[in-house]
Amino acid sequence: MAMLEVKDIQVFYGMIQAIKGVSFEVNKGEVIALIGANGAGKTTILQTVTGLLKPKAGKIIFEGKDITKTPGYKIVSMGMAHVPEGRRFFANLSVLDNLKMGAYTRKDKNEIEESLKMVYEHFPRLEERKAQPAGTLSGGEQQMLAMGRALMSRPSILLMDEPSMGLSPIFVNEIFDIIDKVSKEGTTVLLVEQNAKKALEIADRAYVLETGNIVLSGDAKELINDDSIKKAYLGE
């Protein structure tokens with residue numbers, strides 16, 4: 001059984017249909033990439049899966065439970081964490097306080113401290129800057145903070161929306177190395193990313209989205225060599 005099953009979801013903004021009957025699944029331990037142009041519906045899908053938007057039709061099943069109508073805050077406590085586009089941290093709070101916000105659904109203080117150590121191991125710069133206001137971090141460090149905050153909830157699946165957006169090439173490589181490492185340590189990843197090449201390099205499988213429809217899917221290593229993908233998304 002798949003960890004996450006999205007079944008024929010349809011999502012509207014008013015009268016405009018953004019998602020037109022999309023279905024896909026994510027198995028435990030996989031990195032799944034959702035790729036597509038701006039406006040294809042990638043972010044809408046993540047927001048629907050995590051309870052921020054409600055589909056007009058279709059179902060979302062997470063670890064065997066129907067979460068289609070479950071509010072977002074409950075979905076987090078079930079083991080799903082969302083790193084949104086634009087990072088959305090608390091700029092005036094310290095790095096440490098932002099990280100602790102990620103553990104708000106957890107009660108065991110010792111386990112929270114263990115998670116904090118794990119986050120600092122992944123992101124040593126966050127430990128160096130733990131007392132700084134989060135708003136003073138660079139773009140790459142802010143993305144690290146958003147990822148670290150999500151990992152503080154100890155998710156079984158991590159949903160990431162455009163983690164490389166606005167970052168320098170060095171930070172892009174660093175962020176993708178960390179995503180790869182987190183997945184190898186056992187966290188399942190659903191990745192929405194415009195940098196199709198980077199996404200396909202670390203993904204197991206991928207789905208290609210165009211104007212609210214999945215038009216192609218398959219093994220990521222095969223898709224990265226597909227001529228239509230090269231032409232449309234890899235600039236080749």
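**Chatting through a predicted fold**

User: Hi! Which residues is I214 in contact with, leaving aside its neighbours within four places in sequence?

Analyst: I214 is in contact with V22, S23, F24, Y207, V208 and L209 once those neighbours are left out. Contact here means heavy atoms within 4.5 Å.

User: Anything I should know about the model itself?

Analyst: This is a predicted model, where local features need pLDDT of at least 70 and side-chain atom pairs count only at pLDDT 80 or more, while totals for chains, interfaces and linings use all residues. Residues are numbered from 1 along each chain as its sequence is written, and side-chain values use heavy atoms, with hydrogens and water left out.

User: Thanks. Where does I214 lie, and is it buried or exposed?

Analyst: I214 lies in strand β10, residues 213–219. At 27% relative accessibility, I214 falls in between and counts as partly exposed. The cut-offs are under 20% relative accessible area for buried and over 50% for exposed, with partly exposed in between (1.4 Å probe, protein chains only). I214 and L46 are 168 residues apart in sequence, with their C-alpha atoms 14 Å apart in space.

User: L46, which helix is that in? And how enclosed is that helix?

Analyst: L46 is one of the buried residues of α1, along with K42, T44, I45, Q47, T48 and V49. Seven of the eight residues of α1 (residues 42–49) are buried, so this helix is largely enclosed by the rest of the structure. Just after α1, G51 takes a positive phi of about 85°.

User: Zooming out, how many helices and strands does the chain have?

Analyst: The chain has ten helices and ten strands. These are DSSP runs numbered from the N terminus: helices are H or I with at least four residues, strands are E with at least two.

User: And how compact is the chain?

Analyst: Its radius of gyration is 17 Å, close to the 18 Å that the globule rule gives for 236 residues, so the chain is as compact as a globular protein of that length. The radius is taken over C-alpha atoms, and the rule is 2.2 Å times the number of residues to the power 0.38. Along its principal axes, the C-alpha trace spans about 45 × 40 × 35 Å. Of the 236 residues, 51% count as buried. Among contacts between residues at least 6 apart in sequence, 67% join residues at least 24 apart.

User: Nice. What about pockets: how much space lies in the largest pocket?

Analyst: About 520 Å³. A pocket is an open set of points on a 1 Å grid over the protein atoms alone, where a 1.4 Å probe fits, with protein on both sides within 12 Å along at least five of seven lines; lining residues have an atom within 4 Å of a point. Points are joined across faces, edges and corners, and the volume is the space filled by probe spheres set on them.

User: Which residues lie nearest its centre?

Analyst: V76, H82, P84, Y104 and R149, out of 19 lining residues. The elements giving two or more residues to the lining are α2 (72–77), β6 (80–83) and α6 (139–151). The largest share, four residues, comes from α2.

User: What's the lining like by class?

Analyst: Twelve nonpolar, five polar and two charged residues. Nonpolar covers Ala, Val, Leu, Ile, Met, Phe, Trp, Tyr, Cys and Pro; charged covers Asp, Glu, Lys and Arg; the others, Gly among them, are polar.

User: Switching topic: where is V119 found, and what does it touch?

Analyst: V119 is found in helix α4, residues 109–122, and is buried, with a relative accessible area of 0%. Beyond its neighbours within four places in sequence, V119 is in contact with L99, L126, G148, L151 and M152.

User: Any odd backbone angles outside glycine?

Analyst: R154 has a positive phi of about 50° although it is not a glycine. R154 is found in the loop between α6 and β7 and counts as partly exposed at 47%. E162, also not a glycine, has a positive phi near 50°. E162 lies in the loop between β7 and α7 and counts as buried at 5%.

User: And S164, is it buried or exposed?

Analyst: S164 is buried, with a relative accessible area of 11%. S164 lies in the loop between β7 (157–161) and α7 (169–184). Not counting residues up to four places away in sequence, S164 touches V172, F176, E193 and N195.
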